[in-house]
Amino acid sequence: NALESIVFLACFIPLRQFTGGFHAKTYFLCNLSFAVSFIILLIVYKFTNQYVTSYIVFLIIIFSCIIFFSECPVENKNKVITEEKKKIHKVISVILCFLYGITGAILIMFSYKIGVILLYTLILISFLVIIATFQELKEGGDMKKAKNKTAHAIKSIAERMANMACGSASAWGMYQPKEPKKLDKSMDHSQ
């Protein structure tokens with residue numbers, strides 16, 4: 001498990017610096033929750049890595065990117081982030097999420113199951129971000145604002161995916177979808 005541990009730490013530490021996420025109230029609880037999360041991740045990896053399909057890989061990458069795009073960085077009262085740094089952290093966290101996800105997918109595609117560790121690390125950090133977001137809301141945040149923020153992120157990602165897909169042929173080359181008029185910026189929609 002040495003290689004898996006090194007890959008996990010090499011991914012977790014830099015990504016977590018930019019995403020933020022759950023923070024325990026004491027240093028001891030922080031170390032304990034990290035150790036427990038790490039052990040659970042390795043156990044889940046040991047028993048499930050052979051069952052990770054391309055569909056699951058795709059879902060993990062999309063889910064993590066949506067969470068990172070909509071919720072990151074998660075600020076902590078002990079570690080305040082300026083508005084300028086928040087934008088930078090968001091961009092870096094989404095880029096790292098995408099890079100780790102694609103790297104994990106490529107490794108899995110070439111039968112290197114260590115790629116699953118990259119994907120599970122994304123899921124773990126996504127859950128830490130979700131927990132921190134709910135913790136923030138519990139302590140007086142605005143639930144409606146959080147729902148709107150998440151819905152806006154999902155809409156934005158879906159629009160970008162639709163824009164990318166509309167101008168290209170399908171994977172089988174038999175069907176070319178028409179671009180929705182709503183997305184065609186060259187047409188005048190005032191008619």
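The following paragraphs lead through a predicted model of one chain, from its helices to its cysteines and surface.

The chain has 191 residues, of which 35% count as buried. Its secondary structure consists of six helices and zero strands. Read from the N terminus, the order of elements is therefore simply α-α-α-α-α-α.

Helix 1 covers residues 2-19. This helix has 18 residues and reaches 25 Å from its first C-alpha to its last, close to the 26 Å expected at 1.5 Å a residue. Its buried residues are Glu4, Ser5, Val7, Phe8, Cys11, Phe12, Leu15, Arg16 and Thr19. The list thus includes Glu4 and Arg16 along with Phe8 and Leu15. After helix 1 comes Gly20, which has a positive phi, near 75 degrees.

Helix 2 takes in residues 27-48. At 1.5 Å a residue, its 22 residues should span 32 Å, and the end C-alpha atoms of helix 2 are 31 Å apart, which agrees. Which residues of helix 2 are buried? They are Ser37, Phe38, Leu41, Leu42 and Tyr45. These residues cover an arc of only 130 degrees around the axis, so they sit on the same side of helix 2. On the other side of helix 2, Phe28, Lys46 and Phe47 are exposed.

Phe28 can be followed a little further. This residue is found in helix 2, and its relative accessibility of 60% is why Phe28 counts as exposed. Phe28 also belongs to a nonpolar surface patch of about 530 Å². The other members of this patch are Leu29, Leu32, Val36, Ile40 and Val44.

Helix 3 runs over residues 54-71. For its 18 residues, a span of 26 Å is expected at 1.5 Å a residue; the end C-alpha atoms of helix 3 are 26 Å apart, which agrees. The buried residues of helix 3 are Val57, Ile60, Ile61, Ser64, Cys65, Ile66, Ile67, Phe68, Ser70 and Glu71.

The loop between helix 3 and helix 4 contains Pro73. The peptide bond that leads from Cys72 to Pro73 is cis, with omega near -5 degrees. Cys72 itself is buried, because its relative accessible area is 2%, under the 20% limit.

Cys72 raises the matter of cysteine pairing. A disulfide is a covalent bond between the sulfur atoms of two cysteines. To be counted here, the two sulfur atoms must lie within 2.5 Å. By this rule, the count comes to zero disulfides. Cys72 is in no disulfide, and the nearest cysteine sulfur, that of Cys97, is 8.5 Å away. Why does Cys97 not form a bond with Cys65? The sulfur of Cys65 is the closest cysteine sulfur to that of Cys97, but at 3.5 Å it is too far for a bond. Cys97 has a relative accessibility of 0% and therefore counts as buried. Cys65 is also listed among the buried residues, in helix 3.

Helix 4 extends over residues 83-109 and holds both Glu83 and Lys86. Side chains of opposite charge can pair when their charged atoms come close. The structure holds one salt bridge. In this bridge, the side chains of Glu83 and Lys86 meet, with 3.2 Å from N to O. The two residues are three residues apart, about one turn of the helix. How accessible are the two partners, exposed or partly exposed? With 54% relative accessibility, Glu83 counts as exposed, whereas Lys86, at 22%, counts as partly exposed.

Between helix 4 and helix 5 lies a loop that contains Ser111. Ser111 has a positive phi of about 65 degrees although it is not a glycine. Its relative accessible area is 61%, so Ser111 is exposed.

Helix 5 covers residues 115-138, and Val116 lies in it. With a relative accessible area of 0%, Val116 is buried. Val116 and Gly104 are twelve residues apart in sequence, and their C-alpha atoms are 6.1 Å apart in space.

Technical notes:
Residues numbered from 1 in each chain as written. Predicted model: local features only at pLDDT ≥ 70, side-chain atom pairs only at ≥ 80, totals over all residues. Heavy atoms only, no water. Buried < 20%, exposed > 50% of the residue type's maximum accessible area, 1.4 Å probe, protein only. Patch = residues over 30% accessible without salt bridge, like charges linked within 9 Å, V, L, I, M, F, W, Y side chains within 5 Å. Areas by Shrake-Rupley, 256 points an atom, 1.4 Å probe, with all protein chains shown as cover. Salt bridge = Lys/Arg side-chain N within 4 Å of Asp/Glu carboxyl O. Helix = DSSP H or I, 4+ residues; strand = E, 2+ residues; numbered from the N terminus. Expected span 1.5 Å × (residues − 1). Arc of directions from axis to C-beta.
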